[in-house]
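Colleague: I am new to this structure and should be grateful for a close look at a single part of it. Please begin with one loop position and then proceed to the helices and the nonpolar core.

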Amino acid sequence: MKRIGVTGHRFLPASVLGHVESGLRAVLGGHDGPLEALSSLAEGADQLFAVIALEYGADLTVVIPSGDYEDGFEDAESLDRYRRLKLRATQEVRMDFTRSTDEAYYAAGTYIADSCDRLVAVWDGQPARGHGGTGEIVAYARALGKPVTVIWCEGVARD
């Protein structure tokens with residue numbers, strides 16, 4: 001079974017959404033055999049990745065950073081989507097953190113990088129804005145020698 005993990009930005013500019021969706025479809029649909037998709041189901045890239053992975057028949061493994069993870073969702077729609085996706089997961093992995101901290105996010109991100117055969121990064125190429133951010137997880141995966149596929153539109157900046 002091929003295992004593809006995701007790391008990515010929570011807030012994606014509207015101008016990159018179509019490109020990101022196409023890129024995720026190319027990665028997730030461009031393989032033969034069974035697929036396992038690993039995601040923390042955060043808003044933005046993680047949830048989009050999970051939705052597309054499930055469309056392609058992947059088994060979804062959810063990696064939950066902390067016990068209070070749901071408290072960090074900024075709106076009811078994102079939280080509802082998280083809960084619906086989590087119900088469709090074939091496996092749930094919980095990091096041993098009570099509270100959502102940068103260390104909890106780093107632990108979840110490195111778990112995904114350690115566990116996958118390829119990491120997909122929905123990433124603007126900029127340094128991480130905090131410990132456990134996308135740029136840091138990309139650097140970690142590359143240091144492991146994992147293949148990393150970056151999906152972004154050149155010249156577009158996050159807010």
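Modeller: Two residues are said to be in contact when heavy atoms of theirs lie within 4.5 Å. The model discussed here is predicted. By that criterion, and leaving out residues up to four places away in sequence, Gly-72 touches Arg-10 and Glu-43. Gly-72 itself belongs to the loop that runs between β3 (59–64) and α3 (76–87). Its relative accessible area is 37%, and because this value is neither under 20% nor over 50%, Gly-72 counts as partly exposed. A further relation links this loop position to Ala-42: the two residues are 30 apart along the chain, and their C-alpha atoms are separated by 9.1 Å.

The helix that follows the loop, α3, packs against α2 (residues 45–55) at an angle of about 40 degrees, with the axes 11 Å apart. The crossing in which α2 passes α3 is left-handed. On the α2 side, the residues involved are Gln-47, Ala-50, Val-51 and Leu-54, and they meet Ser-78, Arg-81, Tyr-82 and Leu-85 of α3. Sorted by class, this contact comprises 5 nonpolar, 2 polar and 1 charged residues.

Helix α2 also packs against α1. The axes of α1 and α2 come within 10 Å and cross at roughly 40 degrees, so α1 is oblique to α2. Here α1 passes α2 in a right-handed crossing. From α1, the contact draws on Val-20, Glu-21, Leu-24, Arg-25 and Leu-28, while α2 contributes Leu-48, Phe-49, Ile-52, Ala-53 and Glu-55. By class, the residues of the contact between α1 and α2 are 7 nonpolar, no polar and 3 charged.

Two of the residues in that contact, Leu-24 and Phe-49, reappear in the interior. The largest nonpolar core has 32 residues, and Leu-24 and Phe-49 are those with the most contacts inside it. At least two residues of this core come from each of β1 (2–8), α1 (14–29), β2 (35–39), α2, β3, α3 and β5 (118–122). The element that gives the most to this core is α2, with 6 residues. Phe-49 shows how such a residue is surrounded: beyond its neighbours within four places in sequence, Phe-49 is in contact with Ile-4, Gly-5, Val-6, Leu-24, Leu-28, Ala-37, Leu-38, Ser-39 and Val-120. There is also a second, separate core of 16 residues, among them Val-63, Ala-108, Ile-112 and Val-138.

Terms used
Residues numbered from 1 in each chain as written. Predicted model: local features only at pLDDT ≥ 70, side-chain atom pairs only at ≥ 80, totals over all residues. Heavy atoms only, no water. Helix = DSSP H or I, 4+ residues; strand = E, 2+ residues; numbered from the N terminus. Buried < 20%, exposed > 50% of the residue type's maximum accessible area, 1.4 Å probe, protein only. Axes fitted to C-alpha atoms, helices over the stretch in contact; angles between N-to-C directions. Left-handed = near helix turned anticlockwise from the far one by under 90°. Nonpolar A, V, L, I, M, F, W, Y, C, P; charged D, E, K, R; others polar. Core = buried A, V, L, I, M, F, W, Y, C linked by side-chain atoms within 4.5 Å. Parallel < 35°, antiparallel > 145°, perpendicular 65-115°, else oblique.
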